[in-house]
Amino acid sequence: MGTPTLGDDMTAVPEDSACAAGTDRGASLPVRAADLWPGASVTGGRATEVRARPGEPCPAVPAPEPDCGLPVFAWSSSTNEELLGWTGADRVLSGFAGARVAASSDAGKGSLSVGYVSLRFRQGDSRLAVTRAHLEDAMRRCGGGRSGTLGGVTGFVASQESLVGADPVRTLLVTESDRVVWVALDGGAWSATSTERAVRVTLERLRTS
């Protein structure tokens, strides 16, 4: 894999180091609110990508101990660059998309958001299985994680505290041959149909991004 080249709609991430190259995906968001919730009022969206530089592996660091009081990915405060170090992935893509679908005095009841983290590995890299085991352990310990389905997709599911409303965040971890993808659904306006569409579209976009 060559060193990534910035396009017109990408800007360099200031935290770039010798071992990784980061970009803010800017206008080329892999997951867009308009695709998840057609007709809804978009409230935000962003995505950041970090790739390992060929021949410059990021220093290996221990996997962080989950902090069950921290409602973020894997219950840790790892940055994308730190994720490269402790997972061994060669690319990390993370972001979110949000929309408002109903007028309400409670923002949590009228909002929907999807957060995601995609960790891509080289084919056959044994560190993918190690990373999955670590993430599943954190989900089990902190969010009641178990094998299950979300939006009709089978994976490892758990729940987290929401930062915007009373409804819990529903999370799904899906493992494929070359990547581990985590999807989090927040907000209080979900239906079975919107859940299924959001999970399906998010995974489809991340597979091709």
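Contact here means heavy atoms within 4.5 Å. Keep that in mind for the packing stops on this tour of a predicted model.

**Stop 1: the whole chain**

Start with everything shown as a cartoon. You should find five helices and nine strands. Going from the N terminus, the elements come in the order β-β-α-β-α-β-α-β-α-β-β-β-β-α. The chain has 209 residues, and 47% of them count as buried. Now think about contacts between residues at least 6 apart in sequence: 62% of these join residues at least 24 apart.

**Stop 2: helix 4**

Select residues 127-143, which make up helix 4. Try putting a distance between the C-alpha atoms at the two ends, and you should get 23 Å. With 17 residues at 1.5 Å a residue, the expected span is 24 Å, so the two values agree.

Next, show side chains. Which residues of helix 4 are buried? They are Leu128, Thr131, His134, Leu135, Glu136, Ala138, Met139, Cys142 and Gly143. As a reminder for reading any such list, an α-helix has 3.6 residues a turn, so residues three or four places apart point the same way.

What do the buried residues of helix 4 pack against? Colour helix 2, strand 5 (111-120), strand 7, strand 8 and strand 9, and you have the elements they pack against. Before leaving, step just past the end of helix 4 to Gly144, which takes a positive phi of about 65°.

**Stop 3: the disulfide**

Stay with Cys142 and add Cys68 to the selection. A disulfide joins the two, with 2.0 Å from S to S, and the structure holds one disulfide in total. The torsion about the S-S bond of Cys68 and Cys142 is about -70°, so this disulfide is left-handed. Cys68 sits in the loop between strand 3 and helix 2 while Cys142 belongs to helix 4, so the pair ties together parts that are 74 residues apart in sequence.

Are the two cysteines buried or exposed? Cys142 is buried, with a relative accessible area of 18%. Cys68, at 43% relative accessibility, counts as partly exposed.

**Stop 4: strands 6, 7 and 8**

Select 146-150 for strand 6 and 153-160 for strand 7. These two strands pair in the antiparallel sense over five bridges. They form a hairpin with two residues between them, and Gly151 in the turn has a positive phi of about 60°. To see one of the bridges, pick Leu150 and its partner in strand 7, Val153.

Strand 7 is largely enclosed by the rest of the structure, because six of its eight residues are buried. Now add strand 8, residues 169-175: strand 7 and strand 8 run antiparallel and are joined by five bridges. Here, pick Val157 and find its bridge partner Leu172 in strand 8.

**Stop 5: strand 9**

Keep Leu172 selected and look across to Val183 in strand 9, which stands opposite. Strand 8 and strand 9 pair in the antiparallel sense over six bridges, and they form a hairpin with three residues between them. On to another partner: strand 5 pairs with strand 9 over nine bridges, also in the antiparallel sense. Ser113 is a good place to check this pairing, with Asp186 as its bridge partner in strand 9.

How many residues of strand 9 are buried? Nine of the nine are, so strand 9 is largely enclosed by the rest of the structure. Show its side chains and compare directions: Arg179, Val181, Val183, Leu185 and Gly187 point one way, and Val180, Trp182, Ala184 and Asp186 point the other way.

**Stop 6: an aromatic pair**

Hold on to Trp182 and add Phe73. The count of aromatic pairs comes to two, and Phe73 with Trp182 is an edge-to-face pair: 5.2 Å centre to centre, with 65° between the planes. Phe73 is in the loop between strand 3 (41-52) and helix 2 (80-87), and Trp182 is in strand 9, so the pair ties together parts that are 109 residues apart in sequence. Phe73 counts as buried at 11% relative accessibility, and Trp182 is buried too, at 8%.

**Last stop: Arg25**

Finally, select Arg25, in the loop between strand 2 (20-24) and helix 1 (33-36). Arg25 counts as buried, at 10% relative accessibility. What does its side chain make a polar contact with? Add Glu49: the side chains of Arg25 and Glu49 make a polar contact at 3.2 Å.

Note on methods:
Residues numbered from 1 in each chain as written. Predicted model: local features only at pLDDT ≥ 70, side-chain atom pairs only at ≥ 80, totals over all residues. Heavy atoms only, no water. Phe/Tyr/Trp six-rings, centres within 6.5 Å; stacked < 30°, edge-to-face > 60°. Helix = DSSP H or I, 4+ residues; strand = E, 2+ residues; numbered from the N terminus. Buried < 20%, exposed > 50% of the residue type's maximum accessible area, 1.4 Å probe, protein only. Polar contact = N/O pair within 3.5 Å; in protein donor to acceptor, adjacent residues only side chain to side chain. Pairing = 2+ DSSP bridges. Expected span 1.5 Å × (residues − 1). Disulfide = S-S within 2.5 Å.
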